Amino acid sequence: MEALTLTSTRAVKSNAISHLQHKHGCAGTATYKSSPSLKSLHRRRRPLILASLAHPKTSFNYLHQEQVESFIRPLTTFPSSPPHHQQEEEEEMIVAKLRLVAAAAADRAEMHAVLADQRDGWNKLFHSSLTNITLAALILQALIPNNNGDSSIASTLLYGASAALMCGVNKIQPSQLAEEQRMAARLFRQLNTDIHTNLALPTHLRQEHSAHSFLSRAYEAVLALDKAYPLPLFPGMLDKFPKTVEPAVWWPQQQVVEEDTAAQLLSQPQSHSDIINGWSTELEKELRGVSETLRSGDIEEFVGLSKKVLQVNTILAIAAPLLTGTAGALNMMQNTSFLSMSMVAGVAGVLASTLSHGGQIGMVFEMYRNCAGFYHFLDSSISRTLKQSNPEMRENGELFHWKLALHLGRDPSFSSLRFFLQIRRETFLNLHFGRGDFPTCLRSLHS
């Protein structure tokens, strides 16, 4: 094997030497007739080339060795694609995957919108059916004289059917189901828009400077939305009467900064006086104030409203079938006083069902929970952005500030955000300390 390799190497070198000899020989033939000295010089170069191959330590051999290697190298190497072509191919692949994620988000938005219309129709259908069934039982009780046995059985069956249907409808809360699907459709449309907007922006102005990290974040956002707002009714339906009320969370969990970490982060300002990538110390200070205000004000406020609405909805969901079932039980007793009580209980059951489903109390609860989740999302976005100590690796500070101001419904200026912070602080102090102690508390807060 070694002999074969040595033979092939010698063959290649001999071909290189013959090529160089032919090259230099051709260069000198044009001057042989006019200058014989060049002809004699060329004749002396052949043994020098051969001698240089035989004696590798000569200086003349070093020059010709480079020429031989430059001739051999193209014969023994294969062409490879340049690095910038590979980088362009990777970027094109990431852009193609992002467009696939955007298409999937648009498709899910359409599906959730269809389900929202369907479940809103459920709410109207069940509400009208429950009202009509209970009113039919009341009419049988009131119009048929002496409440004979047949009418008593019929009205009792109608009351029982109405009570059973109320239990099932109160369990799934169709108005709340419709609000969940409407929210999911809006968030999927927003994700689709965010992907196309980021693809249209220059690289240094995107939310993620790395295209791969933006792709992973978009894909995880789709999975998080699927988990937060499931499509099927069973299994996977969200609990309509949770024991603990928390803000809705529809973004990836690994991006959420825990409150202890966020508190430490927000209490430690970053030290850079110059504006880097749109970030300055003043902007970071304002964002920390907004984050603290959101956590202590808006999130707690909407969570408190959600708890109150949930309590009302729970009472109505229990009272409506209970009153209707009681009306059916009293109707079976052949007594005038019990008949009157049965009619009162039936009317009360209809009113409770109408308030619950006609007033869409479940939808109101879900709306307040989503509002708390919205402010929780803004707080998490600020904490996650400030967690990155290098301003150059963050989203552009000016764009982030504009986006936050638009989300809060404020003019994108520092004075507007300061006014927002001042109003929220005044409201917080008035609620917790009373109006009499407000100036003292405000001075202590500013100090």
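1. Is helix H11 mostly covered or not, and how many of its 27 residues are buried? Let me start there, since H11 is a good way into this predicted model. The helix is mostly covered, with 20 of its 27 residues buried. H11 takes in residues 361–387 and spans 39 Å from its first C-alpha to its last. That is close to the 39 Å expected at 1.5 Å a residue.

2. Now for the chain as a whole. You will find 14 helices and zero strands in the protein chain. Read from the N terminus, the elements run α-α-α-α-α-α-α-α-α-α-α-α-α-α. Of the 447 residues, 38% count as buried. If you take the contacts with a separation of 6 or more, 77% of them come from residues 24 or more positions apart.

3. A pair of helices to look at next is H6 and H7. Helix H6 covers residues 174–200 and helix H7 covers residues 211–228; their axes come within 11 Å and cross at roughly 175°. Angles over 145 degrees count as roughly antiparallel, and H6 and H7 are therefore roughly antiparallel to each other.

4. Which residues of H6 and H7 meet? On the H6 side they are Leu187, Phe188, Leu191, Asp194, Ile195 and Asn198. Their partners in H7 are Phe214, Ala218, Ala221, Val222, Leu225 and Asp226. Sorted by class, this contact of H6 with H7 has nine nonpolar residues, one polar residue and two charged residues.

5. While you have H6 on screen, please look at threonine 193, which lies in this helix. Threonine 193 is partly exposed, with a relative accessible area of 46%. Its C-alpha is 9.1 Å from that of alanine 106, although the two are 87 residues apart in sequence.

6. Just ahead of H6 comes a backbone point. Glutamine 173 sits in the loop between helix H5 (149–172) and H6. This residue has a positive phi of about 50°, although it is not a glycine. As background, most residues other than glycine have a negative phi. Is glutamine 173 buried or exposed? With a relative accessible area of 0%, glutamine 173 is buried.

7. Asparagine 277 belongs beside that point. Its phi is positive too, at about 55°, and asparagine 277 is not a glycine. The residue lies in the loop between H8 and helix H9 (281–331). Asparagine 277 is partly exposed, with a relative accessible area of 21%, whereas glutamine 173 is buried.

8. The loop between H7 and H8 deserves your attention as well. Proline 235 is found there, and the peptide bond leading to it from phenylalanine 234 is cis, with omega near -10°. For context, most peptide bonds are trans.

9. Alanine 248 is also in the loop between H7 and helix H8 (259–266). At 3% relative accessibility, alanine 248 counts as buried. What is alanine 248 in contact with, leaving aside its neighbours within four places in sequence? The answer is Tyr229, Arg369, Asn370 and Gly373. The C-alpha atoms of alanine 248 and valine 303 are separated by 10.0 Å, with their positions 55 residues apart along the chain.

10. Glycine 304 lies in helix H9. At 26% relative accessibility, glycine 304 counts as partly exposed. Glycine 304 and alanine 372 are 68 residues apart in sequence, and their C-alpha atoms are 9.5 Å apart in space.

11. My last point concerns helix H12 (residues 397–407). Its buried residues are Gly397, Phe400, His401, Leu404 and Ala405. They cover an arc of only 130° around the axis, which puts them on the same side of H12. The reasoning is a familiar one: an α-helix has 3.6 residues a turn, so residues three or four places apart point the same way. Which exposed residues does the face of H12 turned away from its buried side carry? That face carries Glu398 and Leu406.

Notes:
Residues numbered from 1 in each chain as written. Predicted model: local features only at pLDDT ≥ 70, side-chain atom pairs only at ≥ 80, totals over all residues. Heavy atoms only, no water. Axes fitted to C-alpha atoms, helices over the stretch in contact; angles between N-to-C directions. Helix = DSSP H or I, 4+ residues; strand = E, 2+ residues; numbered from the N terminus. Parallel < 35°, antiparallel > 145°, perpendicular 65-115°, else oblique. Contact = heavy atoms within 4.5 Å. Nonpolar A, V, L, I, M, F, W, Y, C, P; charged D, E, K, R; others polar. Expected span 1.5 Å × (residues − 1). Buried < 20%, exposed > 50% of the residue type's maximum accessible area, 1.4 Å probe, protein only. Arc of directions from axis to C-beta.
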